[in-house]
Amino acid sequence: MNTQTGTSLPMENFDHNNFPSWDYKVNQYLVGQGYWNYINRVQENQPGPTAPEYAIWEQVASRVMYCLVTCVHCRI
């Protein structure tokens, strides 16, 4: 899956056995895409729902969530 900037998502799925490697790759991806503040300081950077930039913030936050959901493999 490619992002808007053309770089691929980390393809290693987190499966409870590979956390250090997965964490490093996902962290580097999020930092490289400029998304780390959505993880690290979400409350500080989130505009209020009436702010003009709220729709853009919400869209990028959804990209971050998609990345995380795509890279986590759940076993029940």
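Let me begin with a term: pLDDT is the predictor's confidence in each residue, on a scale from 0 to 100. I start there because the structure before you is a predicted model. Within the protein, that confidence is highest in helix α4, at a mean of 87, and lowest in helix α3, residues 42-45, at 66. Averaged over the protein, pLDDT is 77, and 74% of the residues score at least 70. I would also draw your attention to residues 1-6, where pLDDT stays under 50. For that stretch the model has 11 contacts beyond four places in sequence.

Let me turn to the overall architecture. The protein contains 4 helices and 0 strands. Read from the N terminus, the order of elements is α-α-α-α. Of the 76 residues in the protein, 25% are buried. The exposed surface comes to about 5500 Å², with carbon and sulfur atoms supplying 57% of it. As for how the chain meets itself, consider contacts between residues at least 6 apart in sequence: 52% of these join residues at least 24 apart.

Next, the interior. Which residues form the largest nonpolar core? There are 12 of them: Phe14, Trp22, Val26, Tyr29, Leu30, Tyr35, Tyr38, Trp57, Val60, Val64, Cys67 and Cys71. Helix α1, residues 19-32, and helix α4 each supply at least two residues of this core. As background, nonpolar side chains in soluble globular proteins tend to be buried together.

One member of that core, Leu30, merits a closer look. Not counting residues up to four places away in sequence, Leu30 touches Tyr35, Trp36, Ile39, Val64, Cys67 and Leu68.

The last residue in that list, Leu68, lies in helix α4, which spans residues 54-70. Is Leu68 buried, partly exposed or exposed? Leu68 counts as partly exposed, because its relative accessibility is 22% and the buried class requires a value under 20%. Setting aside neighbours within four places in sequence, Leu68 is in contact with Val26, Leu30 and Ile39. Leu68 and Phe14 are 54 residues apart along the chain, and their C-alpha atoms are separated by 9.5 Å.

I now come to the aromatic residues. The structure holds 3 aromatic pairs. One of them joins Phe19 and Trp22 in a tilted arrangement, 6.1 Å from centre to centre and with 40° between the planes. Both residues belong to helix α1, where they are 3 residues apart, about one turn of the helix. Their exposure can be set side by side: Phe19 is partly exposed, with a relative accessible area of 42%, whereas Trp22 counts as buried at 10% relative accessibility.

Another pair, Tyr54 with Trp57, is stacked, at 6.5 Å centre to centre and 20° between the planes. These two residues are separated by about one helical turn, because they are 3 residues apart in helix α4. Tyr54 is partly exposed, with a relative accessible area of 23%, and Trp57 counts as buried at 10% relative accessibility. Together with Tyr38, Tyr54 and Trp57 form one aromatic cluster.

Finally, I should like to consider the segment before α1. Where does Asn18 lie? Asn18 is in the segment before α1, and a relative accessible area of 13% makes this residue buried. Leaving aside neighbours within four places in sequence, Asn18 is in contact with Glu12 and Asn13.

His16 is also placed in the segment before α1. His16 is exposed, with a relative accessible area of 59%. His16 and Val72 are 56 residues apart in sequence, and 9.2 Å separates them in space, C-alpha to C-alpha.

To draw the threads together, the predicted model shows a protein of 4 helices and 0 strands. Helices α1 and α4 each supply at least two residues of the largest nonpolar core, and confidence is highest in α4.

Definitions and conventions. Residues are numbered from 1 along each chain as its sequence is written. This is a predicted model: local features need pLDDT of at least 70, side-chain atom pairs count only at pLDDT 80 or more; totals for chains, interfaces and linings use all residues. Side-chain values use heavy atoms; hydrogens and water are left out. Buried means under 20% relative accessible area, exposed over 50%, partly exposed in between (1.4 Å probe, protein chains only). Contact means heavy atoms within 4.5 Å. A nonpolar core is a set of buried Ala, Val, Leu, Ile, Met, Phe, Trp, Tyr and Cys residues joined through side-chain atoms within 4.5 Å. Rings of Phe, Tyr and Trp (its six-membered ring) pair if their centres lie within 6.5 Å; planes under 30 degrees apart count as stacked, over 60 as edge-to-face and the rest as tilted. Accessible areas come from the Shrake-Rupley method with a 1.4 Å probe; for residues, only the protein chains shown count as cover.
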